Amino acid sequence: MSEDFMQRIHRMTNAADARRDIEFSDELDSNFNFRCNSELKEAFKQLCKANQASTSSVLKRYMLSCIRSSKIV
């Protein structure tokens with residue numbers, strides 16, 4: 001393997017490690033608005049309710065999980 005390739009891998013690994021260590025403030029200073037199908041929204045709300053969680057808390061946990069794993073599931 002070339003040195004350049006290994007350096008890129010090393011940088012990506014360091015970046016992924018850094019994302020896992022990021023601590024985000026609990027300050028809620030921004031909104032995130034998007035459109036979706038009303039049936040999808042209702043099904044998600046019901047799933048969250050069945051698991052005694054708010055839709056916003058579940059979406060925030062998902063966002064953190066994506067950031068820390070560097071993957072979108």
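What is the volume of the largest pocket? In this predicted model, the largest pocket has a volume of about 1000 Å³, and the tour starts there.

Select Phe-32, Ser-56, Leu-59, Lys-60 and Met-63 to begin with, since of the 23 residues that line the largest pocket these are the closest to its centre. Colouring by element of secondary structure then helps, as the elements that give two or more residues to this lining are α2 (38-50) and α3 (55-69), with the largest share, eight residues, coming from α3. If you colour the lining of the largest pocket by residue class instead, it divides into twelve nonpolar, five polar and six charged residues.

Next, show α2 and α3 together and draw their axes, which come within 9 Å and cross at roughly 95 degrees. Because angles from 65 to 115 degrees count as roughly perpendicular, α2 is roughly perpendicular to α3. To see where the two helices touch, select Phe-44, Lys-45 and Cys-48 in α2, which meet Thr-55, Val-58 and Leu-59 in α3; by class, this contact of α2 with α3 has four nonpolar residues, one polar and one charged. Leu-59 deserves a second look here, being in the contact with α2 and also among the residues closest to the centre of the largest pocket.

Now keep α3 alone and place a distance label between its end C-alpha atoms, which are 21 Å apart; this agrees with the 21 Å that its 15 residues should span at 1.5 Å a residue. Finally, step just past α3 to Ser-70, where the backbone takes a positive phi of about 60 degrees.

Terms used: Residues are numbered from 1 along each chain as its sequence is written. This is a predicted model: local features need pLDDT of at least 70, side-chain atom pairs count only at pLDDT 80 or more; totals for chains, interfaces and linings use all residues. Side-chain values use heavy atoms; hydrogens and water are left out. On a 1 Å grid over the protein atoms alone, a cavity is a set of points where a 1.4 Å probe fits but cannot get out, and a pocket is an open set with protein on both sides within 12 Å along at least five of seven lines; lining residues have an atom within 4 Å of a point. Grid points are joined across faces, edges and corners, and a volume is the space filled by probe spheres set on the points. Helices (H or I, at least four residues) and strands (E, at least two) are DSSP runs, numbered from the N terminus. Ala, Val, Leu, Ile, Met, Phe, Trp, Tyr, Cys and Pro count as nonpolar, Asp, Glu, Lys and Arg as charged, and the others, Gly among them, as polar. Axes are lines fitted to C-alpha atoms, for helices over the stretch in contact, and angles run from 0 to 180 degrees between N-to-C directions. Angles under 35 degrees count as roughly parallel, over 145 as roughly antiparallel, 65 to 115 as roughly perpendicular and the rest as oblique. Contact means heavy atoms within 4.5 Å. The expected span of a helix is 1.5 Å times one less than its number of residues.
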